[in-house]
Amino acid sequence: MKNDLILKAPILLAHAMGQHGLACEYNIRFGCSTPLVDVISVRGNKAAEYWFVNDVIHEKILLK
């Protein structure tokens, strides 16, 4: 199970980077069932979160 999380993390990171670009910072953390990617804006605010649910990427946009 842990290996599955490690393999999914780069996919999630690549998706987040494609959505927000290279100017943002990205933090990867691991929940018990999915990796999570936090997107930090240039101003230091948390802009979005990405995670998997049943192999589908979900997102929560916090800043517009």
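## Four strands, three hairpins

Strand 3 and strand 4 form a hairpin with 2 residues between them. Asn54, in that turn, has a positive phi of about 50°. Helices (H or I, at least four residues) and strands (E, at least two) are DSSP runs, numbered from the N terminus. Two strands pair if DSSP finds at least two bridges between them.

This is a predicted model: local features need pLDDT of at least 70, side-chain atom pairs count only at pLDDT 80 or more, and totals for chains, interfaces and linings use all residues. Residues are numbered from 1 along each chain as its sequence is written, and side-chain values use heavy atoms, with hydrogens and water left out.

**Overall layout**

The protein chain holds 1 helix and 4 strands. Along the sequence the order is α-β-β-β-β. The radius of gyration is 11 Å, close to the 11 Å that the globule rule gives for 64 residues, so the protein chain is as compact as a globular protein of that length. That radius is taken over C-alpha atoms, and the globule rule is 2.2 Å times the number of residues to the power 0.38. Along the principal axes, the C-alpha atoms fill a box of roughly 35 × 20 × 15 Å.

Contact means heavy atoms within 4.5 Å. Among contacts between residues at least 6 apart in sequence, 28% join residues at least 24 apart.

**Strand pairing**

The paired strands are listed below, each with one facing residue pair.

| Strands | Sense | Bridges | Residue pair |
|---|---|---|---|
| Strand 1 (residues 25–30) and strand 2 | antiparallel | 6 bridges | Glu25 and Ile40 |
| Strand 2 and strand 3 | antiparallel | 5 bridges | Leu36 and Trp51 |
| Strand 3 (residues 46–53) and strand 4 (residues 56–61) | antiparallel | 6 bridges | Phe52 and Ile57 |

Strand 1 and strand 2 form a hairpin with 4 residues between them. Strand 2 and strand 3 form another, with 5 residues between them. Gly44 in that turn has a positive phi of about 90°.

**Strand 2 and burial**

Buried means under 20% relative accessible area, exposed over 50%, and partly exposed in between (1.4 Å probe, protein chains only). Buried residues make up 31% of the 64 residues. In strand 2, 6 of the 6 residues are buried, so this strand is largely enclosed by the rest of the structure. In a regular strand the side chains alternate between the two faces of the sheet. Both faces of strand 2 are covered. Pro35, Val37 and Val39 are buried on one side, and Leu36, Asp38 and Ile40 on the other.

**Two partly exposed residues**

Asn45 sits in the loop between strand 2 (35–40) and strand 3. Its relative accessibility is 39%, so Asn45 counts as partly exposed. Not counting residues up to four places away in sequence, Asn45 touches Val39, Ile40 and Leu63. Asn45 and Cys24 are 21 residues apart along the chain, with their C-alpha atoms separated by 9.9 Å.

Glu59 is found in strand 4. Glu59 is partly exposed, with a relative accessible area of 43%. With residues up to four places away in sequence again left out, Glu59 touches Glu49, Tyr50 and Trp51. Glu59 and Ala14 are 45 residues apart in sequence and 13 Å apart in space, C-alpha to C-alpha.

**Surface and charge**

The accessible surface comes to about 4,300 Å². Carbon and sulfur atoms account for 56% of that surface. Areas come from the Shrake-Rupley method with a 1.4 Å probe; for residues, only the protein chains shown count as cover.

The protein chain has 7 positive and 6 negative side chains. Lys and Arg count as positive and Asp and Glu as negative, while His and the chain ends are not counted. The centres of the two sets lie 6 Å apart. Each charge is placed at NZ of Lys, CZ of Arg, CG of Asp or CD of Glu.
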